[in-house]
Amino acid sequence: MEKLNLTEIANALGTKSPIEAEITEICTDTRNLPEGCLFLALKGTHFDGHAFAKRAVESGAAAVVTEYEIEGCPCLVVPDTRCALLQIAAYYRSKFSPILVGVTGSVGKTTSKEMIALVLSSVYDTLKTQGNLNNEIGLPKTLLELGSHHEAAVIEMGMSNFGEIHRLSSTTQPTIGVITNIGFSHIENLKSQEGILQAKLEILDGMAEDAPLVVSGDDPFLEPLKNKLSRPVYTYGIENENADVRAVDISVEDSSTSFTVVDKGEKTCNVTLPCVGLHNVLDALGAYCAGRLANIDPEKIAQALGNYKTVGFRQNIEQHGTYTLIVDCYNASPDSMKAALHVLKEMKSSGRKAAVLGDMLELGDLSRKLHEIVGNMTLTSGADQIFCYGEQAKYIAEKAAECGASVFHTEDKTELCSAIRAYLRPGDLILFKASRGMHLEDCIKEIFRQEDEQNAVLD
């Protein structure tokens, strides 16, 4: 963060500054406070930063942002400190003029963000959202890392209810917007896919009227936007022959995917992604569109996409002895389940293939129906065995069994681990896929710990 005068911060918040000071950083944690920072007292379910305001000043904070006066502390008093963090970030962001890509969508946000950042970084000094800091706390902290040297930024925006993307986009002020898809994530709050579309379109609230929007032309909720919105809308896809940008001649080889990009009817470049899955191809096409809008040459875009690496628990390919694992335990929805099962089908294996599928959370009244849909998907996955874990996953198991699959279901993680361990043979390929809250990675550690320890000894 570049230095700000405390008075200008106070003006941005609509309050008064108790002192004159230069602020070097905005902090919300007293455990590591740099001298001259501004401490912002956030309130959460299990904590209240106001209780640490005095400690913050004693530790070097120049002042604190609070919701009431605290004796002995120079306070900038505001109605809501969470809103204040967004206000400060919005003011700070307005001091810079980077190419700024805002990314949202039901699934694929983080992959798209990473790919777009790779593309932009091939030409521009680029800031990007780290990890999954895409909410009303993480996003403003990312924006506060902007500097005069940054020529571009890629900011991920997540949400679970109406109004959240509005606040994030209004703070971020994207110059390019990207919506990856409209799925079922958070449908418990948003009630329908139409509601999810409405919430995702809040990204437009922070964009100029002529700022372009990039969307998947294969998504039935997003494709019509090209003729409905007055702003420029660019579509990408695999199935939609009318999309502005398409992938053709898609070829899967071991753990990579190659395809040719067709841009408005012309073949512009060949891309090889070091990963498998049509969903990754779609995300790469979205990154291509963002890159072209940023005036980056197609060949340079293709070269950048070739350096993509998966992050976190998102579809990592891991080797544990003779076993190959597809670890995709970050989130789960019918769309991401379909994508993961497609990867399982496409990957080659010297042994059998198995899918370990856990509950998809936060699906509300549609949960049973959507889990049954996933059960039907297993028919074309190429899996020799389906393991289902969780209360809702029983509906996956029931439908998979109806389709003729060999199925095991349990709500006990220890029992799940034992069943998988008893099934495995050398050379097998296993997919692990569930919502983050199911913690399927615990099973991976338990099942393959002995194998990994033996390999470590041999090494």
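**Exercise 1. Find which strands helix H14 lies across in this predicted model, and describe how the helix is covered.**

*Solution.* Start with the helix itself. H14 covers residues 393-402 and lies across strand S18 (353-358), strand S19 (385-389) and S20. Next, look at direction: H14 runs at about 160 degrees to S20.

Now turn to the side of the helix that is hidden. The buried residues of H14 are Ala393, Tyr395, Ile396, Ala397 and Ala400. Compare their numbers with a rule you may know: an α-helix has 3.6 residues a turn, so residues three or four places apart point the same way. The cover over these buried residues includes S18, helix H13 (367-377), S19 and S20.

Finally, step past the end of the helix. Gly404 follows H14, and its phi is positive, near 95 degrees.

**Exercise 2. Work out the strand order of the sheet that contains S18, S19 and S20, and name its edge strands.**

*Solution.* Walk across the sheet strand by strand. The order is S16-S17-S21-S18-S19-S20, which makes an open sheet of 6 strands with mixed pairing. At the edges you find strand S16 (316-320) and strand S20 (407-410), each of which pairs on one side only. From one strand to the next, the twist averages 15 degrees.

Then pick one pair to examine. Strand S17 (residues 323-328) pairs with strand S21 (residues 429-433) in the parallel sense, over 5 bridges. To see a match in that pair, look at Asp328, which stands opposite Lys433 in S21.

**Exercise 3. Classify the ring pair formed by Phe387 and Tyr423, then look for a charge over one of the rings.**

*Solution.* The structure holds 4 aromatic pairs. For this one, take the angle between the planes: it is 75 degrees, with the ring centres 5.6 Å apart, so the pair is edge-to-face. The cut-off you need is that planes over 60 degrees apart count as edge-to-face.

Next, place the two residues along the chain. Phe387 belongs to strand S19 and Tyr423 to helix H15 (residues 413-423), and this pair links distant parts of the chain, 36 residues apart. Phe387 and Tyr423 are both buried. Together with Phe408, these two residues form one aromatic cluster.

Last, search for the charge. The charged end of Arg352 sits over the ring of Tyr423, 3.9 Å from its centre. You can find another such arrangement elsewhere: Lys226 lies over the face of Tyr234, at 5.9 Å from the ring centre.

**Exercise 4. Describe the sheet built from S3, S4, S5 and S6, and the helices that lie across its strands.**

*Solution.* First, the order: S3-S4-S5-S6, an open sheet of 4 strands with parallel pairing. Strand S3 (26-27) and strand S6 (75-77) each have a single partner strand, so one side of each is left without a neighbour in the sheet.

Second, zoom in on a pair. S3 and strand S4 (residues 38-40) are parallel partners over 2 bridges, and Ile26 has Leu38 in S4 as its bridge partner.

Third, add the helices. Helix H1 (residues 6-13) lies across S3, S4, strand S5 (63-66) and S6, at about 15 degrees to S6. Helix H3 (residues 81-93) lies across S3, S4 and S5, at about 135 degrees to S4.

**Exercise 5. Decide whether Ile70 is buried or exposed, and list what it touches.**

*Solution.* Begin with the location: Ile70 lies in the loop between S5 and S6. Its relative accessibility is 12%, and because buried means under 20%, Ile70 counts as buried. Leaving out residues up to four places away in sequence, Ile70 touches His50, Ala53, Lys54 and Cys75.

**Exercise 6. Count the buried residues in strand S7 and in helix H8, and find what surrounds them.**

*Solution.* Take the strand to begin with. S7 (residues 99-104) is mostly covered, with 5 of its 6 residues buried. S7 pairs in the parallel sense with strand S9 (residues 152-156) over 5 bridges, and Val101 stands opposite Val154 in S9. S7 also pairs in the parallel sense with strand S10 (residues 176-179), over 4 bridges. There, Val103 has Val178 as its bridge partner.

Now the helix. H8 (residues 193-200) is mostly covered too, with 6 of its 8 residues buried. These are Gln193, Gly195, Ile196, Leu197, Ala199 and Lys200. Their cover includes S7, helix H6 (164-172), S10 and helix H7 (187-190).

Notes:
Residues are numbered from 1 along each chain as its sequence is written. This is a predicted model: local features need pLDDT of at least 70, side-chain atom pairs count only at pLDDT 80 or more; totals for chains, interfaces and linings use all residues. Side-chain values use heavy atoms; hydrogens and water are left out. Two strands pair if DSSP finds at least two bridges between them. Axes are lines fitted to C-alpha atoms, for helices over the stretch in contact, and angles run from 0 to 180 degrees between N-to-C directions. Contact means heavy atoms within 4.5 Å. Buried means under 20% relative accessible area, exposed over 50%, partly exposed in between (1.4 Å probe, protein chains only). Rings of Phe, Tyr and Trp (its six-membered ring) pair if their centres lie within 6.5 Å; planes under 30 degrees apart count as stacked, over 60 as edge-to-face and the rest as tilted. A charge sits over a ring if NZ of Lys or CZ of Arg is within 6 Å of the ring centre and within 35 degrees of the ring normal.
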